[in-house]
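Hello,

Here is the structure I said I would pass on. Please open it first, then read my notes below.

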Amino acid sequence: MPEISRFYGITIKMYFLGNEHNPPHIHAIYNKSIALIDIQTINVIEGNLPKRAERLVKEWIKIHKNEIIDIWISQKFKKIEPLN
């Protein structure tokens, strides 16, 4: 599963080439916590993260939503800028 971004100790990953299922989502990993977050609704659909990490990931998705959706649709890997 390629890493598309990393910030504040949080790793953002996405499966490629038909290995994943809808809804479009990213995998956010922070220490031992993992959450799947719907790109469109920006809601956690599985797992959990500490509140601060979840807030940062959701902020990052809002900023980069179009880029993330483009990756999901095109299945073309690219890095996305981290949250600063």
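The largest nonpolar core has 23 residues. A nonpolar core here is a set of buried Ala, Val, Leu, Ile, Met, Phe, Trp, Tyr and Cys residues joined through side-chain atoms within 4.5 Å. Buried means under 20% relative accessible area, exposed over 50%, and partly exposed in between, with a 1.4 Å probe and protein chains only. Ile 12, Ile 26, Val 57 and Trp 60 have the most contacts inside this core. Two or more residues each come from strand 1 (3–7), strand 2 (10–13), strand 3 (25–30), strand 4 (33–38) and helix 1 (51–74). Helix 1 gives the largest share, nine residues. In soluble globular proteins, nonpolar side chains tend to be buried together.

A word on the source. This is a predicted model, where local features need pLDDT of at least 70 and side-chain atom pairs count only at pLDDT 80 or more, while totals for chains, interfaces and linings use all residues. Residues are numbered from 1 along each chain as its sequence is written, and side-chain values use heavy atoms, with hydrogens and water left out.

Overall layout

The protein has one helix and five strands. The order from the N terminus is β-β-β-β-β-α. Helices (H or I, at least four residues) and strands (E, at least two) are DSSP runs, numbered from the N terminus.

The radius of gyration is 11 Å, which agrees with the value near 12 Å for a compact globule of 84 residues. That radius is taken over C-alpha atoms, and the globule rule is 2.2 Å times the number of residues to the power 0.38. The C-alpha trace spans about 30 × 25 × 20 Å along its principal axes.

Of the 84 residues, 40% count as buried. The accessible surface is about 5000 Å², and 49% of this belongs to carbon and sulfur atoms. Areas come from the Shrake-Rupley method with a 1.4 Å probe; for residues, only the protein chains shown count as cover.

Contact means heavy atoms within 4.5 Å. Among contacts between residues at least 6 apart in sequence, 36% join residues at least 24 apart.

There are 12 positive and 9 negative charges, and their mean positions are 5 Å apart. Lys and Arg count as positive, Asp and Glu as negative; His and the chain ends are not counted. Each charge is placed at NZ of Lys, CZ of Arg, CG of Asp or CD of Glu.

Along the helix

What does Val 57 contact, leaving aside its neighbours within four places in sequence? The list is Phe 7, Ile 10, Ile 12, Ile 26, Ala 28, Ile 37 and Leu 49.

Ile 68 is also in helix 1. Ile 68 counts as buried because its relative accessibility is 0%. Not counting residues up to four places away, Ile 68 touches Met 14, Ile 26, Ile 39, Trp 60, Ile 61 and Ile 80. Its C-alpha atom is 9.8 Å from that of Gln 40, 28 residues away along the chain.

Two polar residues of helix 1 deserve a look. Glu 54 is found there. At a relative accessible area of 18%, Glu 54 is buried. Beyond its neighbours within four places, Glu 54 is in contact with Val 44 and Leu 49. Glu 54 and Ile 69 are 15 residues apart in sequence and 19 Å apart, C-alpha to C-alpha.

His 64 sits in helix 1 too. His 64 has 9% relative accessibility, so it counts as buried. With the same four-place neighbours left aside, His 64 is in contact with Ile 80 and Glu 81.

Strand 3 and the loops

His 27 lies in strand 3. At 8% relative accessibility, His 27 counts as buried. Its C-alpha is 8.6 Å from that of Tyr 15, 12 residues away in sequence.

Tyr 15 lies in the loop between strand 2 and strand 3. Tyr 15 is partly exposed, at 30% relative accessibility. Tyr 15 and Phe 77 are 62 residues apart in sequence, yet 9.5 Å apart in space, C-alpha to C-alpha.

Two loop residues have positive phi. Asn 31 has a phi of about 55 degrees although it is not a glycine. Asn 31 lies in the loop between strand 3 and strand 4. Is Asn 31 buried or exposed? Asn 31 is exposed, with a relative accessible area of 65%.

Ile 42 has a positive phi near 60 degrees. Ile 42 lies in the loop between strand 4 and strand 5 (44–47). Ile 42 is buried, with a relative accessible area of 11%.

Best wishes
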